[in-house]
Amino acid sequence: QVQLVESGGGLVQPGGSLSLSCAASRSIFSFNAMGWYRQAPGKQRELVATITSGGSTNYADSSKGRFTISRDNAKNTVYLQMNSLKPEDTAVYYCNADYFMAGSNLRSWGQGTQVTVSS
């Protein structure tokens, strides 16, 4: 299994920016895809953005134009740059990875990092 560790969460005012990082315990070069999801209190976990091994990206409507996902294969890290943050972006943000290992398609999740948008 691959371990994922998120960092970069915190408290930010509305309109501010945060950059999240997700470091993997092994090379991400061959990962099928990596992504960011979030879960607000009392709500289901939802997609924020994904990026494939080829660099193709996909964003939730709520993220488009404000968030940017990227990956650095050399650092085994995926990033989420969040701009123009809104109170409704408050949630625990989770990183995940889809990969093939030992003959199986697997998915790993990080432990999450809290993002709070409030004045």
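# A tour from the disulfide to Arg38

With -75° about the S-S bond, the disulfide between Cys22 and Cys95 is left-handed, and this link is a good place to begin in what is a predicted model. Select both cysteines and show their side chains: the two sulfur atoms lie 2.0 Å apart, and a search of the whole structure finds 1 disulfide. Cys22 belongs to strand β3 (residues 18-24) and Cys95 to strand β9 (residues 91-101), so the pair ties together parts that are 73 residues apart in sequence. Cys22 has a relative accessibility of 0% and therefore counts as buried, the limit being under 20%. Cys95 is likewise buried, with a relative accessible area of 0%.

Next, keep β3 in view and colour the sheet around it. Here 4 strands form an open sheet in the order β1-β3-β8-β7, and their pairing is antiparallel. The edges are held by β1 (4-7) and β7 (67-72), each of which has a single partner strand, so one side of each is left without a neighbour in the sheet. On average, and with direction ignored, neighbouring strands of this sheet are turned by 15° against each other.

Now move to the edge formed by β1, which runs antiparallel to β3 and is joined to it by 4 bridges. If you select Ser7, you will find that its bridge partner in β3 is Ser21. Which side chains of β1 are buried, and which are not? The side chains alternate along the strand, with Leu4 and Glu6 pointing to one face and buried, whereas Val5 and Ser7 point to the other face and are not buried.

Cross to the other edge and select β7 together with strand β8 (residues 77-82), which pair in the antiparallel sense over 6 bridges. Within this pairing, look for Asp72, which stands opposite Thr77 in β8.

For the last stop, select Arg38, which is found in strand β4 (residues 33-39). Is this residue buried or exposed? Its relative accessible area is 6%, and because buried means under 20%, Arg38 counts as buried. Show the side chains around Arg38 and two polar contacts can be traced from its own side chain, one to the side chain of Asp89 at 2.9 Å and another to the side chain of Tyr93, also at 2.9 Å. Leaving aside neighbours within four places in sequence, the residues in contact with Arg38 include Gln44, Arg45, Glu46 and Val48, as well as Ser62 and Phe67. Glu88, Ala91 and Val92 are also among the contacts of Arg38.

Methods:
Residues are numbered from 1 along each chain as its sequence is written. This is a predicted model: local features need pLDDT of at least 70, side-chain atom pairs count only at pLDDT 80 or more; totals for chains, interfaces and linings use all residues. Side-chain values use heavy atoms; hydrogens and water are left out. Two strands pair if DSSP finds at least two bridges between them. Helices (H or I, at least four residues) and strands (E, at least two) are DSSP runs, numbered from the N terminus. Axes are lines fitted to C-alpha atoms, for helices over the stretch in contact, and angles run from 0 to 180 degrees between N-to-C directions. A disulfide is a pair of cysteine sulfur atoms within 2.5 Å. Buried means under 20% relative accessible area, exposed over 50%, partly exposed in between (1.4 Å probe, protein chains only). A polar contact is a pair of N or O atoms within 3.5 Å; within protein, one must be able to donate a hydrogen and the other to accept it, and residues adjacent in sequence count only if both atoms are side-chain atoms. Contact means heavy atoms within 4.5 Å.
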